[in-house]
Amino acid sequence: MISLTVNGKKYQVDAAPDSKLLWVLREQLGLTGTKFGCGEGMCGACTVLVDGKARRSCVTPVSAVKGKKVVTIEGLPESHPLKLAWIAEQVPQCGYCQPGQIMQAAALLNEHPKPTESEIDSAMSGCLCRCGTYQRVKIAINRAAGKGKKP
């Protein structure tokens, strides 16, 4: 059994230590907002926060987050500035990558509450979107950061 804290709740999961966090979240905890993309940590669809930093859950062994705080897209309140900005800017198209995009952006704003354009570009460069919503993602991040339009 491995103890996890996810979205503020404590869980005991029966998983091998090398089980990937993504599958524990989706299959054992029923938190399906975190998506499977490439399975290699390259596309960002599976991004969650671990102690406030972005982590690709598809390549993270569940044992690596023992004793740490994991936050998934379900753990961000509906009133979170990023969620409001995503809606206001109508960012998603197909929406598949958006939970990972939002979690990556949340990690960015944790570290840089008023990010520069280059900090946004750098932080978000590992999150791929087949629909090409990159410009709207950037506008939404600026909105959530209080730069530009208000959420």
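This passage walks through the strands, cores, helices and loops of a predicted model.

A good place to start is the beginning of the chain, with strand E1, which covers residues 2-6. The two faces of E1 don't look alike: Ile-2, Leu-4 and Val-6 sit on the covered face, while Ser-3 and Thr-5 sit on the uncovered one. In a regular strand, side chains take turns pointing to one face of the sheet and then the other. E1 also has two partners. One is strand E2 (residues 9-13), which runs antiparallel to E1 and is joined to it by five bridges. Within that pairing, Ile-2 has Val-13 as its bridge partner in E2. The other partner is strand E5 (residues 69-71), and here the pairing is parallel, over two bridges. Thr-5 of E1 stands opposite Lys-69 of E5.

E1 and E2 together make a hairpin, with two residues between the strands. One residue of the turn, Asn-7, is a bit of an oddity: its phi is positive, about 55 degrees, even though Asn-7 isn't a glycine. Most residues other than glycine have a negative phi. Asn-7 lies in the loop between E1 and E2, and Asn-7 counts as partly exposed, at 24% relative accessibility. Something similar turns up further along. Asp-51, in the loop between strand E3 (47-50) and strand E4 (53-56), is another residue other than glycine with a positive phi, this time near 50 degrees. Asp-51 is partly exposed too, with a relative accessible area of 45%.

Now for the inside of the model. The largest nonpolar core is made of 23 residues, and those with the most contacts inside this core are Leu-82, Trp-86, Met-124 and Ile-141. Four helices each supply at least two of the core residues: H2 (81-88), H3 (98-111), H4 (117-124) and H5 (134-144). The top contributor is H3, with seven residues. A second core, separate from this one, has 16 residues, and Leu-4, Val-24, Leu-29 and Val-62 are among them. Leu-4 has already come up, on the covered face of E1.

What does Trp-86 touch, leaving aside residues up to four places away in sequence? The list is Val-91, Pro-92, Gln-98, Gln-101, Ile-102, Ala-105, Val-137, Ala-140 and Ile-141. Gln-101 deserves a closer look. This residue is part of helix H3, and at 1% relative accessibility Gln-101 counts as buried, because the cut-off for that is under 20%. Not counting residues up to four places away in sequence, Gln-101 is in contact with Trp-86, Met-124, Cys-127, Leu-128, Cys-129 and Val-137.

Helix H5 brings quite a few residues to the inside. Its buried residues are Val-137, Lys-138, Ala-140, Ile-141, Asn-142, Arg-143 and Ala-144. In an α-helix there are 3.6 residues a turn, so residues three or four places apart point the same way. The cover over the buried residues of H5 includes H2, H3 and H4. Just past the end of H5 comes Gly-146, with a positive phi of about 85 degrees.

Not everything nonpolar is tucked away, though. Trp-23, Phe-36 and Tyr-96 make a nonpolar patch on the surface, of about 280 Å². Trp-23 belongs to helix H1 (residues 21-28). With a relative accessible area of 33%, Trp-23 is partly exposed, and this is over the 30% that a residue needs to join a patch.

Finally, some loop residues come close to parts of the chain that are far off in sequence. Met-42 lies in the loop between H1 and E3 and is exposed, with a relative accessible area of 56%. The C-alpha atoms of Met-42 and Cys-127 are separated by 7.7 Å, yet these residues are 85 residues apart along the chain. Leaving out residues up to four places away in sequence, Met-42 touches Gly-126 and Leu-128. Ala-64, in the loop between E4 and E5, gives another example. The C-alpha atoms of Ala-64 and Asp-18 are 8.6 Å from each other, with the two residues 46 residues apart along the chain. At 30% relative accessibility, Ala-64 counts as partly exposed.

Conventions. Residues are numbered from 1 along each chain as its sequence is written. This is a predicted model: local features need pLDDT of at least 70, side-chain atom pairs count only at pLDDT 80 or more; totals for chains, interfaces and linings use all residues. Side-chain values use heavy atoms; hydrogens and water are left out. Patches are made of residues with over 30% relative accessible area and no salt bridge: like charges are joined within 9 Å, nonpolar side chains (Val, Leu, Ile, Met, Phe, Trp, Tyr) within 5 Å. Accessible areas come from the Shrake-Rupley method with a 1.4 Å probe; for residues, only the protein chains shown count as cover. A salt bridge is a side-chain nitrogen of Lys or Arg within 4 Å of a carboxyl oxygen of Asp or Glu. Buried means under 20% relative accessible area, exposed over 50%, partly exposed in between (1.4 Å probe, protein chains only). A nonpolar core is a set of buried Ala, Val, Leu, Ile, Met, Phe, Trp, Tyr and Cys residues joined through side-chain atoms within 4.5 Å. Contact means heavy atoms within 4.5 Å. Two strands pair if DSSP finds at least two bridges between them.
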